[in-house]
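Could you walk me through this model in the viewer, one selection at a time? I would like to know what to pick next and what I will find there.

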Amino acid sequence: MRTVSEQDKSSALSVQTKRFVMKCGGSTLAALPDSFYGQLQQLQEEGTMPVIVHGGGPAISSMLDKLGIESEFIGGLRKTDEAVLDVVEMVLAGQINKQIVRRLNGIGAASIGLSGIDGGLIQARPVANAAEVGYVGDVTQVNAGLIEGMMALQYMPVIAPIGLDNNGQRYNINADTAAGAVAAHLGVKQLLVITDVPGIMKTEQGVKAVLPVVTTSEIEAMIASGEIYGGMIPKVRAAMQCMEGGVKEVVIADGAEPNVLRRIMAGEAIGTRIVRVREQKRAF
């Protein structure tokens, strides 16, 4: 029987104390070069373990079109009946999840693909407007122990955002929502949202610029004014929700930026950092 060595214990402790959650859309991940995946592999090798939660909206829409199944969005959420849910699960857990794992394994990273259904990883309940959108879920619980176990074995978890309720009903979960819940339940300090835009933009004096730091109250004001709109709204809403759960900050950044992950891990200011309140400079 194999015994746990002190080196194994030290390695597991390192994984527990140095980690982050990264959310990325499936189409964004597919378009990113091998160098981006190389950053994930290097971080893993150096003892910082990424936990990846991915989406896949465009690929789901494409498959629904091929199968002749109508696709409809209500308030930014995909209307999901059982037929759509079958396609969501097939594309997210069967296609995109395994594509990501193949690319990671192909460059030497140890990764494992999971859906929220595996091991009761993501427990869910219907969203408030379920009567309109069908089987779309909010996260009620994350089996953090399962993710911890994978990390202790030195595997990078790659998670497809599908959930189950206590009756075994599946739910389609927004990937930003799922990532925020995973980050909060794991107790990580930082959630990275990797996308195809440089961050949260604000127009000042007719010029659009990236906001390096923004508070949750400023985000609410920007949503109300229409400066934050469309697909950025669920991202920032999920960010604020996971910060309620204890995550210290959320960084939204463009995955095409050279060495973006390593630079963020090194503390470089890239993209937009979402915080509760702005840090006050001390006067001496």
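Here is a tour that begins with confidence, moves through a sheet and ends at a pair of helices.

**Stop 1: colour by confidence.** Keep in mind that this is a predicted model. Colour the chain by pLDDT: the mean is 87, and 92% of the residues reach 70 or more. Now select residues 1-16, where pLDDT stays under 50. For this stretch the model has 12 contacts beyond four places in sequence.

**Stop 2: the sheet.** Next, show the strands as a cartoon and look for an open sheet of 8 strands. Reading across, the order is β5-β8-β2-β1-β11-β15-β16-β14, and the pairing is mixed. Which strands lie at the edges? They are β5 (111-115) and β14 (213-215), each of which pairs on one side only. Look along the sheet as well: on average, neighbouring strands are turned by 20 degrees against each other, direction ignored.

**Stop 3: the helix on the sheet.** Add residues 144-152, which form helix α7. This helix packs on the sheet and touches β1, β2, β5 and β8 (156-160). Its direction makes about 145 degrees with that of β8.

**Stop 4: strand β1.** Select residues 19-24 and show their side chains. Here 6 of the 6 residues of β1 are buried, so the strand is largely enclosed by the rest of the structure. Turn the view to check both faces: Arg 19, Val 21 and Lys 23 are buried on one side, and Phe 20, Met 22 and Cys 24 are buried on the other.

**Stop 5: the neighbours of β1.** Bring in strand β2, residues 49-54, which pairs with β1 in the parallel sense over 6 bridges. You can step along this pairing residue by residue: Arg 19 has Met 49 as its bridge partner in β2, Met 22 stands opposite Ile 52, and Lys 23 is partnered by Val 53. Then add strand β11, residues 190-195, which pairs with β1 in the parallel sense over 4 bridges. Click on Lys 23 again, and its bridge partner in β11 is Val 193.

**Stop 6: strand β2 and onward to β8.** Is β2 enclosed or open to its surroundings? Since 6 of its 6 residues are buried, β2 is largely enclosed by the rest of the structure. Met 49, Val 51 and Val 53 cover one face, with Pro 50, Ile 52 and His 54 on the other, and all of them are buried. From β2, move to β8: the two strands run parallel and are joined by 2 bridges. Ile 52 is a good residue to click here, with Val 158 as its bridge partner in β8.

**Stop 7: a helix pair.** Finally, select helix α9 (residues 216-225) together with helix α10 (residues 232-244). Their axes are 11 Å apart and they pack at an angle of about 150 degrees, which means that α9 is roughly antiparallel to α10. The crossing of α9 past α10 is left-handed. To see the contact itself, show Thr 216, Ile 219, Glu 220 and Ile 223 of α9. Facing them from α10 are Ile 233, Val 236, Arg 237, Met 240 and Met 243, which complete the contact.

Definitions and conventions
Residues numbered from 1 in each chain as written. Predicted model: local features only at pLDDT ≥ 70, side-chain atom pairs only at ≥ 80, totals over all residues. Heavy atoms only, no water. Pairing = 2+ DSSP bridges. Axes fitted to C-alpha atoms, helices over the stretch in contact; angles between N-to-C directions. Contact = heavy atoms within 4.5 Å. pLDDT = per-residue confidence, 0-100. Buried < 20%, exposed > 50% of the residue type's maximum accessible area, 1.4 Å probe, protein only. Parallel < 35°, antiparallel > 145°, perpendicular 65-115°, else oblique. Left-handed = near helix turned anticlockwise from the far one by under 90°.
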